Amino acid sequence: MRKIVTIGREFGAGGGEIGKRVAKELGVEYYDKDIILKTAVSGKSLTPEQVHRWDERVPKNFGFAQSLFDFYNKPLEEELWQAQRDAIRALANKESCVIVGRNGDYILREFDHCLNVFIHAGFDWRVKRMTGLMNEVPADQVASDVRAVDKARKRYCEYYTKCAYGDARNFDLTLNTEKLGIDKAVDLILSAVENI
């Protein structure tokens with residue numbers, strides 16, 4: 001039976017690293033932004049440049065009038081959301097895998113063989129961790145980037161899913177890497193996967 005792990009994450013909390021390690025331990029594929037690139041190249045009228053530009057961003061000119069009167073001429077952002085949603089569903093129907101980001105928990109919410117995880121940590125801890133990983137970037141710039149990415153992900157999630165970003169009720173498991181550490185988070189996810 002297929003087993004899917006989706007990982008939502010706050011920037012700097014280690015979701016990507018955890019996802020890669022879980023995938024390796026399970027012997028399954030790991031997908032993050034690669035899903036989007038696969039989508040762009042898979043016959044849609046999207047280029048990789050367009051995909052990167054709109055990845056996890058909310059349309060600038062969204063609203064009732066646009067959604068009602070411009071339905072058949074969808075803006076690029078809407079087209080990208082639908083394309084990545086289709087790609088995520090296709091992957092989940094085909095193989096066991098780990099999917100990081102892209103609101104995979106929401107997109108696959110009706111899948112029984114799916115474990116939805118959210119990785120979070122305190123702001124200062126995330127800034128310190130990211131500063132250590134990007135040692136040539138000043139800490140104040142890293143802090144600004146963490147705030148900006150968190151804000152963009154929150155808006156993106158709420159716009160497309162109508163769910164609160166990081167709300168524990170939307171996940172099977174939420175893990176605080178500041179308290180648990182990356183290794184323990186990986187172990188807990190692997191243990192939880194056995195039961196799906």
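These entries record what I looked up about the nonpolar cores and one helix pair in this predicted model.

**Entry 1, the largest core.** I began with the largest nonpolar core, which has 20 residues, and I noted that Ile 7, Ile 18, Val 98, Val 117, Ile 119 and Ile 189 touch the most other members. I then looked up where the members sit, and found that strands S1 (4-9), S3 (97-100) and S4 (114-120), together with helices H1 (15-26) and H10 (182-193), each supply at least two residues of this core. H10 gives the largest share, six residues. I wrote beside this that in soluble globular proteins nonpolar side chains tend to be buried together.

**Entry 2, one residue of that core.** I next listed the partners of Ile 189, leaving out residues up to four places away in sequence, and these are Val 5, Ile 18, Val 22, Leu 115, Val 117, Ile 119, Leu 173 and Leu 175. I also found a second, separate core of 17 residues, with Ile 4, Tyr 31, Cys 97 and Tyr 159 among them.

**Entry 3, H1 against H10.** How do the axes of H1 and H10 cross? I read that they come within 10 Å and cross at roughly 45°, and the two helices are therefore oblique to each other. The crossing in which H1 passes H10 is right-handed. On the H1 side I noted Glu 17, Ile 18, Arg 21, Val 22, Glu 25 and Leu 26 in the contact, while H10 brings Ile 182, Asp 183, Ala 185, Val 186, Ile 189, Leu 190 and Val 193. Sorted by class, this contact of H1 with H10 holds nine nonpolar and four charged residues, and no polar ones.

Technical notes
Residues are numbered from 1 along each chain as its sequence is written. This is a predicted model: local features need pLDDT of at least 70, side-chain atom pairs count only at pLDDT 80 or more; totals for chains, interfaces and linings use all residues. Side-chain values use heavy atoms; hydrogens and water are left out. A nonpolar core is a set of buried Ala, Val, Leu, Ile, Met, Phe, Trp, Tyr and Cys residues joined through side-chain atoms within 4.5 Å. Buried means under 20% relative accessible area, exposed over 50%, partly exposed in between (1.4 Å probe, protein chains only). Helices (H or I, at least four residues) and strands (E, at least two) are DSSP runs, numbered from the N terminus. Contact means heavy atoms within 4.5 Å. Axes are lines fitted to C-alpha atoms, for helices over the stretch in contact, and angles run from 0 to 180 degrees between N-to-C directions. Angles under 35 degrees count as roughly parallel, over 145 as roughly antiparallel, 65 to 115 as roughly perpendicular and the rest as oblique. A crossing is left-handed if the near helix is turned anticlockwise from the far one by less than a right angle, and right-handed if clockwise. Ala, Val, Leu, Ile, Met, Phe, Trp, Tyr, Cys and Pro count as nonpolar, Asp, Glu, Lys and Arg as charged, and the others, Gly among them, as polar.
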